[in-house]
Structure formats: C-alpha cells, structure tokens
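Q: Please take a close look at a single strand of this complex and describe how it is placed among its neighbours. I would like the account to proceed from the strand itself outward to its chain and then to the partner chain.

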Amino acid sequence: MANFAVGNVAVPVFVPNPSAHSPSVTIYNSGPSVIYLGGSDVTSATGLPLYVNAEVAFPNAPSTLYAIGAVSTTGTGTTLASNAAAGGTTVALTSSGNYSVGEVLVVGASGAAETVTVSTLTGGTGISITSPTRLDHVNGGTVALVLTSQSTNLSVTALSV
Amino acid sequence: MAIYANGPAYQSTSVTNSATLVFGGSITTLAAITPAVTLKNVTLFNSGTTTAFIGGSSTTSAALPLAPGQQVLIEGYSTTSGTTTHDLYAITAAGTTTINAGLTTQGLVD
C-alpha cells in the first residue's frame with residue numbers, strides 16, 4: 001500500500017504494471033477533504049469526486065490514474081493576453097495581477113482549467129511557470145490566484161495479477 | 001461486487017460526448033421515492049464499446065476513464081433520493097457507450 005499527499009496539482013496515484021494481465025487498484029481517501037480522480041489533466045471541476053472515507057475499487061484498471069484536491073480562488077484575477085498552447089512554460093497576461101514567485105494560479109475556464117505555479121516574473125505581464133501546461137488555453141481565458149487549496153491523503157492498494 | 005440489477009436504483013444509460021447523468025438521487029425513478037432514502041455505494045459498469053469518463057456535472061474526458069467491460073465500485077458514495085447532491089455524470093470523447101449503474105447496498109434515511 002502506498003500513501004499520497006494530494007494538493008492543488010494533479011499527481012499520479014496509480015500506474016498499472018505493463019506486464020500485469022489484470023492490474024487492479026483500490027484508492028481510499030483517508031484525508032480531511034474531497035479529492036478528484038481522472039486522467040493527467042483532471043481538475044476539481046471535471047474529475048470524479050472521492051469524498052472523505054470513501055474509496056474506489058477498480059477490478060481492472062488499465063490506465064494511469066491522477067488525483068487533485070479542490071481549490072478556491074480570487075475569481076477572475078486577470079486574463080490571458082494570447083493563446084497558451086499545451087506544453088508551454090510561459091504565460092502572457094493582460095495585467096500583472098501582482099503575482100509572486102511560488103504562487104499557484106488557476107488558468108482557464110471551469111472544465112478546461114489547470115493549476116500552474118509561478119517560477120519567475122518575466123516583465124510586467126508575463127510569467128514563467130514551473131511545469132509545462134497540460135492543456136491549450138485561448139486568448140482571453142481567465143487567470144485567478146489560488147487563495148486556499150485543500151490537501152488530503154490517499155491510500156492506494158494495487159494488485160497485479 | 002454485484003449490483004442490484006432490478007429495482008428503481010438500477011440505471012442503464014446511453015452516454016455520448018455530452019455529459020449525461022448516469023446515477024444520483026435526481027434520476028427519475030429515484031426522485032419519485034417517498035419518503036426519501038439514502039443511496040449508498042454505487043457500482044458503474046461500461047457495457048458498451050467506447051471508453052466513458054466519470055465525474056460530476058462538468059465532467060470532460062479529463063475525468064475518470066472507464067474502459068469497455070470495466071467497472072468501478074465507489075464505496076462510501078452516499079446521496080439522498082430527490083436531490084442532485086453527488087450526481088454522477090459520464091461522457092465519451094466520441095461515439096456512444098452504455099453505462100449501467102446500481103447500488104451495492106441500500107438503506108433508509110435515519
């Protein structure tokens with residue numbers, strides 16, 4: 001059994017053994033708040049909610065599963081000044097937002113949003129982020145500062161047969 | 001774990017690339033139950049030919065994938081008939097599949 005701390009960035013919690021005929025997994029939320037399960041680009045808006053003390057059991061789980069916690073934000077802090085394609089590490093904003101290095105932002109609208117962490121400020125309205133974006137974001141999309149994030153703990157039991 | 005394949009809590013839903021309600025207290029047969037009941041521990045099974053993604057009302061293909069022939073048990077899931085709280089939705093990236101959902105346990109509201 002493995003234990004994971006899950007916060008405001010999607011993290012892999014189960015990777016199936018490629019040589020296993022029938023990998024199975026049970027994921028139990030042992031922490032204090034809800035988490036959301038899905039693929040690599042899961043968000044708290046799109047994922048399957050797993051409530052406190054609940055668990056999901058996959059008798060056959062062929063794909064990698066990710067988890068993310070819920071976040072609350074400032075609302076619309078600023079917007080994107082240009083398209084931000086998936087895989088990029090810089091984001092152009094229409095206003096500075098007065099963000100700081102290390103702060104976590106939510107980029108994109110609900111259903112297509114992701115969290116990013118500011119690594120450097122590249123001028124008045126540009127930021128660099130610590131990891132490439134996973135999703136495409138369009139010019140004008142919302143950018144908001146994460147005020148609080150819920151972190152929780154997962155216990156993951158995997159069985160490969 | 002088997003699901004109750006008969007009765008009002010069993011649902012078989014055709015799912016497309018638009019988020020579709022597959023289980024929850026607001027589905028028609030459950031919303032009609034009086035007095036309200038607590039619905040606990042749900043199993044979802046993909047009996048179609050296309051992967052479905054399971055999540056809340058804003059679910060997308062970023063949600064939990066459920067491949068054809070695959071099932072998932074959500075133990076600790078709990079909702080109340082007649083409410084939309086904790087409704088579960090599914091969507092496909094393209095095409096149509098069928099999600100069968102049902103309870104593994106059922107109990108009356110305290």
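A: In this predicted model, B:Ile54 stands opposite B:Leu64 in β5(B). The strand that carries B:Ile54 is β4(B), and three bridges join β4(B) to β5(B) in an antiparallel arrangement. B:Ile54 also has a partner in another strand: B:Ala90 of β7(B) is its bridge partner there. The pairing of β4(B) with β7(B) is likewise antiparallel and comprises four bridges. Strand β4(B) is thus described by its pairing with β5(B) and its pairing with β7(B).

The side chains of the strand may be considered next. In a regular strand the side chains alternate between the two faces of the sheet. In β4(B), B:Ala52 and B:Ile54 point one way, whereas B:Phe53 and B:Gly55 point the other way. All four of these residues are buried. In soluble globular proteins, nonpolar side chains tend to be buried together. Here the largest nonpolar core has 50 residues, and B:Ile54 is among those with the most contacts inside it. B:Ala90 belongs to that group as well, and this residue is the bridge partner of B:Ile54 in β7(B). Others in the group are B:Val22 and B:Leu44 from chain B, together with A:Ile27, A:Leu37 and A:Ala67 from chain A.

On the chain A side of this core, A:Ile27 touches A:Leu37, and its further contacts include A:Val13, A:Phe14, A:Leu50, A:Val56 and A:Leu154, leaving aside residues up to four places away in sequence. A second, separate core has 15 residues, among them A:Val71, A:Ala84, A:Val104 and A:Val107.

The surroundings within chain B are as follows. The chain contains one helix and eight strands, in the order β-β-α-β-β-β-β-β-β along the sequence. Of its 110 residues, 42% count as buried. Among its contacts between residues at least 6 apart in sequence, 76% join residues at least 24 apart.

Strand β4(B) also takes part in the contact with the partner chain. That contact takes 19 residues from chain B and 24 residues from chain A. On the chain B side, β4, β5 and β6 are the elements that give two or more residues, and β6(B) gives the most, with seven residues. By class, this side of chain B has ten nonpolar, eight polar and one charged residues. Strand β6(B) also pairs across the chains: it runs antiparallel to strand β6 (residues 55–58) of chain A, over three bridges. Within this pairing, B:Leu73 is the bridge partner of A:Ala57.

Finally, the confidence of the prediction should be kept in view. Chain B averages a pLDDT of 86, and 87% of the residues score at least 70. Within the chain, confidence is highest in strand β7 (residues 88–92), at a mean of 96; this is the strand that β4(B) joins through four bridges. Confidence is lowest in strand β8 (residues 97–108), at a mean of 76. Over residues 106–110 of chain B the pLDDT is below 50, although this stretch has 13 contacts in the model beyond near neighbours in sequence. For the complex, the predictor gives an ipTM of 0.80 and a pTM of 0.75.

Methods:
Residues are numbered from 1 along each chain as its sequence is written. Chains are lettered from A and ligands numbered from 1 in the order in which they are written. This is a predicted model: local features need pLDDT of at least 70, side-chain atom pairs count only at pLDDT 80 or more; totals for chains, interfaces and linings use all residues. pLDDT is the predictor's confidence in each residue, from 0 to 100. Two residues are in contact if their C-beta atoms, placed from the backbone, lie within 7 Å. Ala, Val, Leu, Ile, Met, Phe, Trp, Tyr, Cys and Pro count as nonpolar, Asp, Glu, Lys and Arg as charged, and the others, Gly among them, as polar. Two strands pair if DSSP finds at least two bridges between them. A residue is buried if 20 or more other C-beta atoms lie within 10 Å of its own, exposed if 12 or fewer, and partly exposed in between; C-beta atoms are placed from the backbone. A nonpolar core is a set of buried Ala, Val, Leu, Ile, Met, Phe, Trp, Tyr and Cys residues joined through C-beta atoms within 7 Å.
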